[in-house]
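Colleague: I would like a close look at one part of this model, the charged pairs on its side chains, before I think about the rest. Please take them one at a time and explain how each residue is placed.

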Amino acid sequence: MSEPQESEKVVHLHKPEGRKPSSTERIWGKAVLAHGYTAIPSILIQAQSRLGITPLQMNILIQLLDYWRDPERRPFPTKKEIASRIKVTDKTIQNNIRQLEEAGLIRREYRKTASGDWNSNIYHLDGLVERVQKLEPDFAQVREKRHEAREARRRAETPVGRRSV
């Protein structure tokens, strides 16, 4: 037998095609997500009325969440920035933030610049987070009941001899 040619010794490895795009990336596209995105728990969205949050207040909360990228660094947008994003007046933002604070969902921390002028507030969303977390057991229970109902329907639709344990 003859020695293998040099080209026969080469093992061609397949290049991995890269990671599979996330469902969020498949929905919005890579270019859109490159500008950032905000995580909003489904419980917050689904329990908006239970939490007593108006549509405008929900929009304000979403704006604050968009600024909150690190758990240790609270958001601090100006009222003017929030108002500009959702096309309302600064006063409307101020009134609704006050209501959210009275409801215990947010807490404002007033700040001053080095020269003593008022700066933007720091917004603590701990109250909102705690309220949403307290609702989770209710949502888990509803999910479990849905799962049990689905399983009961599946068992009822599957012939006895074909049922899995």
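Taking the acidic partner of one pair as the place to start, what does D90 count as at 32% relative accessibility: buried, partly exposed or exposed?

Modeller: Please keep in mind throughout that this is a predicted model. D90 counts as partly exposed, because its 32% relative accessibility falls between the limits of under 20% for buried and over 50% for exposed. Its side chain meets that of K80 in a salt bridge, with 3.4 Å from N to O. This pair links distant parts of the chain, since D90 belongs to helix α7 (residues 90-102) and K80 to helix α6 (residues 79-86), the two being 10 residues apart. K80, for its part, has a relative accessibility of 56% and therefore counts as exposed, the limit for that class being over 50%.

The general idea behind such contacts is that side chains of opposite charge can pair when their charged atoms come close. A search of the whole structure finds eight salt bridges, and two further ones deserve attention here.

One is formed by the side chains of E101 and R108, with an N to O distance of 2.6 Å. E101 is partly exposed at 24% relative accessibility, whereas R108, at 13%, is buried, because buried means under 20%.

The other joins the side chains of R154 and E151, at 2.9 Å from N to O. These residues sit three apart in helix α8, which means that about one helical turn separates them. Both partners are partly exposed, R154 at 32% relative accessibility and E151 at 25%. Elsewhere, salt bridges that share partners bring D66, R69 and R85 together in one network.

D66 from that network also appears in the lining of the second largest pocket, alongside residues including T24, W28 and Y37. That pocket holds about 210 Å³ of space, and its lining comprises five nonpolar, three polar and one charged residues. Helix α2 supplies the largest share of this lining, with three residues.

Helix α8, which carries R154 and E151, has a part in the largest pocket as well, where it gives the most to the lining, with four residues. The largest pocket contains about 280 Å³ of space, and of its 15 lining residues the closest to the centre are A39, P41, L65, W68 and V129. By class, this lining divides into 10 nonpolar, two polar and three charged residues.

Key
Residues numbered from 1 in each chain as written. Predicted model: local features only at pLDDT ≥ 70, side-chain atom pairs only at ≥ 80, totals over all residues. Heavy atoms only, no water. 1 Å grid on protein atoms, 1.4 Å probe; cavity = no way out; pocket = protein on both sides within 12 Å on 5 of 7 lines; lining within 4 Å. Points joined across faces, edges and corners; volume = space filled by probe spheres on them. Nonpolar A, V, L, I, M, F, W, Y, C, P; charged D, E, K, R; others polar. Salt bridge = Lys/Arg side-chain N within 4 Å of Asp/Glu carboxyl O. Buried < 20%, exposed > 50% of the residue type's maximum accessible area, 1.4 Å probe, protein only.
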